[in-house]
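Morning, everyone. I have one structure to show today, and I want to talk about its empty spaces and what fills them. Have a look at the screen first.

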Amino acid sequence: MPVRTRPDLYGLAGFKTVPIPAGTTELASNELPFGPLGSVRAAVARAAGGVHRYPDNSGRLLRECLADRFGAPVTQVSLGAGSIALCLQLAQLTSAPGDEILFPRPSFEAYSLIARTVGATARPVPLRPDGRVDLVALAAAVNDRTRLVFVCTPNNPTGGVLGRAELEKFFDAVPEDVLIVLDEAYWEFVRYPDALDGMAYVRDQAAAGRDNLVALRTFSKAFGLAGMRIGYSLSSEDIAERLRRLALPYSVGTVAQAAAVASLEADQELRQRCDEVVEQRELLRGELVGLGYRVPESGANFLWLGLGRHADLFRQHCLERRVLVKSFPGEGVRVTVGNATENDRFLSAVREFELPGMAS
Ligand SMILES: Cc1ncc(COP(=O)(O)O)c(C=O)c1O
């Protein structure tokens with residue numbers, strides 16, 4: 001007899017990852033091209049000596065470090081096994097079957113998956129033509145069933161960064177009983193002076209009594225800890241408390257917590273690394289634009305090539321030259337900014353790609 005499982009999950013596609021053939025330049029997952037810093041490796045080795053014990057379930061030390069960094073009360077900081085875990089908890093906290101979760105499209109693929117996992121209706125809202133989240137359309141899509149809105153800035157995969165004024169307008173347009181999550185996974189690569197710093201904004205708004213904003217960041221990208229699985233959020237104290245109650249016990253491991261604390265201490269070195277990535281991003285974008293590609297400005301560690309229906313062909317072409325990029329079929333290709341050598345390998349592949357009218 002078939003096991004009774006939720007029929008609404010039958011068609012769930014799951015989060016797609018692809019095997020990486022040996023010797024391939026991996027530019028598909030927005031990781032840093034650098035390995036862990038010496039100080040972080042040392043902290044990892046030290047923490048490994050204590051893994052016969054459960055981790056600190058409250059993540060107190062790391063939460064205190066983050067609270068210090070953002071000038072916010074520690075009670076407003078939450079941790080997750082990657083910021084994706086916090087995305088799921090936020091969905092679980094707000095949404096059930098019959099409710100709607102809004103998010104931009106294309107954007108981080110997990111939003112849709114997470115909405116469906118909790119039984120809510122996933123409602124994607126197309127981006128603006130410039131690759132930024134369409135805040136006007138997103139606000140207009142909010143209705144009585146909306147419980148949660150994900151706003152991704154810089155947007156994955158297009159890189160578009162939202163400005164302070166437009167975000168403030170959006171926050172005012174959304175009812176205060178709808179939770180808005182500002183996903184800033186790539187914040188450290190933003191160099192746009194008008195960008196809104198979600199952490200500072202949520203801190204100030206929560207202090208003024210506003211409960212419906214959450215800022216989300218991760219150690220996976222700029223901090224180079226993707227394999228550690230650790231992310232964090234800042235919210236009102238009430239939301240943070242309820243997130244903690246929902247969290248899987250001990251899901252943020254001892255080694256991950258130690259690596260994150262050590263990374264925060266290595267701030268200067270990490271900033272320098274981000275500056276290098278940003279420099280490479282601008283060089284790579286310049287080359288691609290020079291080759292005739294349409295590449296919007298990006299505030300993240302990746303670039304978007306608006307290749308439309310040629311996206312898969314382009315990905316396959318690069319893969320045959322041992323460079324892995326991410327295709328969004330029918331829409332475009334996202335390429336992670338690597339180091340100079342990796343970017344050169346990618347550019348060599350691009351130079352061999354011929355498609356009449358591809359940039360139009
Ligand atoms: C926009 C965005 N948010 C969240 C995440 C999740 O990151 P992690 O779970 O590794 O913290 C990613 C990862 O690619 C992302 O692109």
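**The ligand site and the cavity**

The space taken by the ligand is the largest pocket. Keep in mind that this is a predicted model.

Let's go round that ligand. Its surroundings hold 13 residues. Which of them come nearest? S83, D183, Y186, T218 and S220 do. Sort the shell by class and you get five nonpolar, five polar and three charged residues.

Now the side chains that meet ligand oxygen. Start with N156. An N or O atom in the side chain of N156 lies 2.7 Å from an oxygen atom of the ligand. For R229, the distance from a side-chain N or O atom to a ligand oxygen is 2.8 Å. For K221, that kind of pair sits at 2.9 Å.

How much of the ligand does the protein bury? On its own, the ligand exposes 400 Å², and 93% of that is buried by the protein.

So much for the pocket. On to the enclosed space. Rolling a probe the size of a water molecule over the atoms shows where empty space is left.

How many cavities of 30 Å³ or more turn up here? The count is one. The largest cavity holds about 40 Å³ of space.

Next, its walls. From the early part of the chain, the lining of the largest cavity includes G35, P36, L37 and V40. F223, G224 and L225 line it too, along with S263, L270 and R273. By class, this lining has six nonpolar residues, three polar and one charged.

Where does the largest cavity lie? Domain 1 covers 7-35 + 268-351, and domain 2 covers 38-265. Both domains give residues to the lining, so the largest cavity lies between them.

That's my tour. Questions, please.

Technical notes: Residues are numbered from 1 along each chain as its sequence is written. This is a predicted model: local features need pLDDT of at least 70, side-chain atom pairs count only at pLDDT 80 or more; totals for chains, interfaces and linings use all residues. Side-chain values use heavy atoms; hydrogens and water are left out. A residue is near a molecule or strand if one of its heavy atoms lies within 4 Å of it. A polar contact is a pair of N or O atoms within 3.5 Å; within protein, one must be able to donate a hydrogen and the other to accept it, and residues adjacent in sequence count only if both atoms are side-chain atoms. Accessible areas come from the Shrake-Rupley method with a 1.4 Å probe; for residues, only the protein chains shown count as cover. On a 1 Å grid over the protein atoms alone, a cavity is a set of points where a 1.4 Å probe fits but cannot get out, and a pocket is an open set with protein on both sides within 12 Å along at least five of seven lines; lining residues have an atom within 4 Å of a point. A molecule sits in a cavity or pocket if more than half of its atoms lie within 2 Å of its grid points. Ala, Val, Leu, Ile, Met, Phe, Trp, Tyr, Cys and Pro count as nonpolar, Asp, Glu, Lys and Arg as charged, and the others, Gly among them, as polar. Grid points are joined across faces, edges and corners, and a volume is the space filled by probe spheres set on the points. Domain bounds come from an automatic or database domain assignment.
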